[in-house]
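The turns below ask how certain words used for a protein model are earned. Each answer sets a value beside the cut-off that gives the word its meaning.

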Amino acid sequence: MKSIAIFGSTGSIGINTLAVIKLHPSRYRVETLVAHSQIDVLWAQIAEFSPRKVGVADPQSAAVLRARIKSEISDKTRHPEVVDDPVALAALAADHAVDCVVAAIVGVAGLASTWAAVRAGKQVLLANKESLVAAGQLMMSAAIASGAMILPIDSEHNAIFQCLPTGIPAPQAVQKLILTASGGPFRTLPLDQFDGITPQDACRHPNWVMGRKISVDSATMMNKGLEVIEAAWLFAMPPTRIDVVVHPESVIHSMVQFVDGSVLAQLGRPDMRTPIAHALAWPERIDSGVAPLDLCAVTGLHFEAPDLQRFPCLRLAFDAIEQGGIAPLVINAANEIAVAAFLDHRLRFKQIPHVIEATLDAALAGTGTVAPESIEEVLVKDAWARQRAQSILVGIAAQTLTKVPTMEHRA
Ligand code: NDP
Ligand code: MG
């Protein structure tokens, strides 16, 4: 029986992971659940899966959970241990009782636990792409040193992993990795309507149901930029050999082009339970609960090049890849700040790339091209970029005289 720790259990990936685990009670045991503050969702998960340890990053929420456990579970032997200290919380990923860590916290908030899991040599099911964007070099070197196996959950990377005969590309056999992108909700929206985009519009993805941050990243296509960086590290592939192609139907989740002209693709419904089940069971296969793909119902498969005018965040990600050093880490941090402000109605959708670009320029004017040599340095640089993005954001928002649009304004 595989013992699982889920970091980010109350989020979209966490909930989908538990849905797959529930189908296979004799294969998987939930040892640990970690969340930030959604205590009601976490409580229901504790009641159903009886983890021995629970991490709650928000200390007030942890106190609420402890009180609830005390008052509602009379049998003390069934009380899970509740951890909220940040160091102890990340260390749950290295716990000897855990075989497999699902890294599904959103943003760089997931870096410490992913790092702990990798260093402890765990099997790491990686959804938290921001960890690799911020600290790819360190993370992959640590995985080699510890023997950790990183299995991608991100659908594109999982698709590529499935298309590669051994999960690792033989450099002489593979010509290109081809990441597909849906193009998000604004692929065809007239550019003069971008001013009125609300968080609700941006989170309404045409094909996938996801958390709010990654939904906005998909709408700006920053998500695809982050995924190019993620793929470069995961598959040790130079970014120049990673292409992005817009495929609005989201039937093909990514492809590998080989030197002999063959292109292998992985197809499926746009449902994260498929890559999650693949990674959980690898190298075996298990039922994911996802209905089979009905090929006769697929009306067409279309492909187009991404429009970098429409999606400046993708262009910025390509710039950051080219710059190297701390540039990927900086665009990731600035993006997290800008997206949070947009979701909070403090910044317009169209201003997200402005914040990222100005933060990247500031970093490159300093020591931006030098890569961080330790996780501590990554965290220091990440904090610097966040602070810088925050002050740039305040300046940009102050220049905007009209209020940031809300649903009410549009109505
Ligand atoms: P959600 O916003 O739905 O969930 C985020 C999870 O992280 C929640 O459980 C949340 O807890 C927890 N969390 C947030 N901040 C902290 C913190 N400081 N400490 C501990 N836990 C925290 O995100 P998604 O599930 O959509 O995405 C998670 C990751 O997976 C992201 O990196 C995303 O890019 C990646 N991914 C997601 C896909 C998807 O389909 N959703 C597809 C591919 C990749 P709480 O609920 O208590 O706030
Ligand atoms: Mg993806």
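Q: Why does Met 221 count as buried or exposed, and what is its relative accessibility?

A: This is a predicted model, and in it Met 221 has a relative accessibility of 2%. Buried means under 20% relative accessible area, and therefore Met 221, at 2%, counts as buried.

Q: What makes the phi of Met 221 worth noting?

A: Most residues other than glycine have a negative phi. Met 221, although not a glycine, has a positive phi of about 70°, and its place is in the loop between α9 (212-220) and α10 (222-234).

Q: Which word, buried or exposed, fits Ser 250, and where is Ser 250 found?

A: Ser 250 has 5% relative accessibility, and since buried means under 20%, Ser 250 counts as buried. Ser 250 is found in the loop between β9 (242-246) and β10 (252-258), and it has a positive phi of about 50° although it is not a glycine.

Q: How do you know that the peptide bond joining Trp 282 and Pro 283 is cis, and what is its omega?

A: Omega is about 5° for the bond that joins Trp 282 and Pro 283, and this bond is a cis peptide bond. Most peptide bonds are trans. Pro 283 is found in the loop between α11 (273-281) and α12 (312-323).

Q: What makes Asp 154, Glu 156 and Glu 227 donor residues of the magnesium ion (ligand 2)?

A: The magnesium ion (ligand 2) is coordinated by Asp 154 (OD), Glu 156 (OE) and Glu 227 (OE) at 2.1 to 2.2 Å. Donors are N, O and S atoms within 2.8 Å of this metal, and therefore these oxygen atoms count as donors. In sequence the donor residues are spaced D-x1-E-x70-E.

Q: Are Asp 154 and Glu 156 buried or exposed, and how do you know?

A: Asp 154 has a relative accessible area of 7%, and Glu 156 has one of 8%. Both values are under 20%, so Asp 154 and Glu 156 are called buried.

Q: Why is the pairing of Lys 129 with Asp 154 called a salt bridge?

A: The closest N and O atoms of Lys 129 and Asp 154 are 2.9 Å apart. A salt bridge asks for a side-chain nitrogen of Lys or Arg within 4 Å of a carboxyl oxygen of Asp or Glu, so this pair qualifies.

Q: What shows how domain 1 and domain 2 meet, in contacts and in buried area?

A: The protein chain is divided into domain 1 (2-152), domain 2 (154-183 + 221-306) and domain 3 (311-411). Between domain 1 and domain 2, 25 residues of the one are in contact with 25 residues of the other, and the two bury about 2,300 Å² between them, 72% of it on carbon and sulfur atoms. Val 20, Lys 129 and Pro 152 supply 28% of the area that domain 1 buries against domain 2, more than any other three residues. The count between these two domains is 3 salt bridges.

Q: How do you know that helix α5 is mostly covered?

A: In helix α5 (residues 111-119), 7 of its 9 residues are buried, among them Leu 111, Trp 115 and Val 118. The helix is followed by Gly 121, whose phi is positive, near 75°.

Q: How many residues does the largest nonpolar core have, and which helix gives the most to it?

A: The largest nonpolar core has 130 residues, and those with the most contacts inside it include Phe 7, Leu 42 and Ile 352. Helix α13 (residues 327-343) gives the most to this core, with 12 residues.

Definitions and conventions:
Residues numbered from 1 in each chain as written. Chains lettered and ligands numbered in written order. Predicted model: local features only at pLDDT ≥ 70, side-chain atom pairs only at ≥ 80, totals over all residues. Heavy atoms only, no water. Core = buried A, V, L, I, M, F, W, Y, C linked by side-chain atoms within 4.5 Å. Buried < 20%, exposed > 50% of the residue type's maximum accessible area, 1.4 Å probe, protein only. Helix = DSSP H or I, 4+ residues; strand = E, 2+ residues; numbered from the N terminus. Donors = N, O, S within 2.8 Å, 3.2 Å for Na, K, Ca; no water. Domains from an automatic or database assignment. Contact = heavy atoms within 4.5 Å. Buried area = accessible area lost by both parts, 1.4 Å probe.
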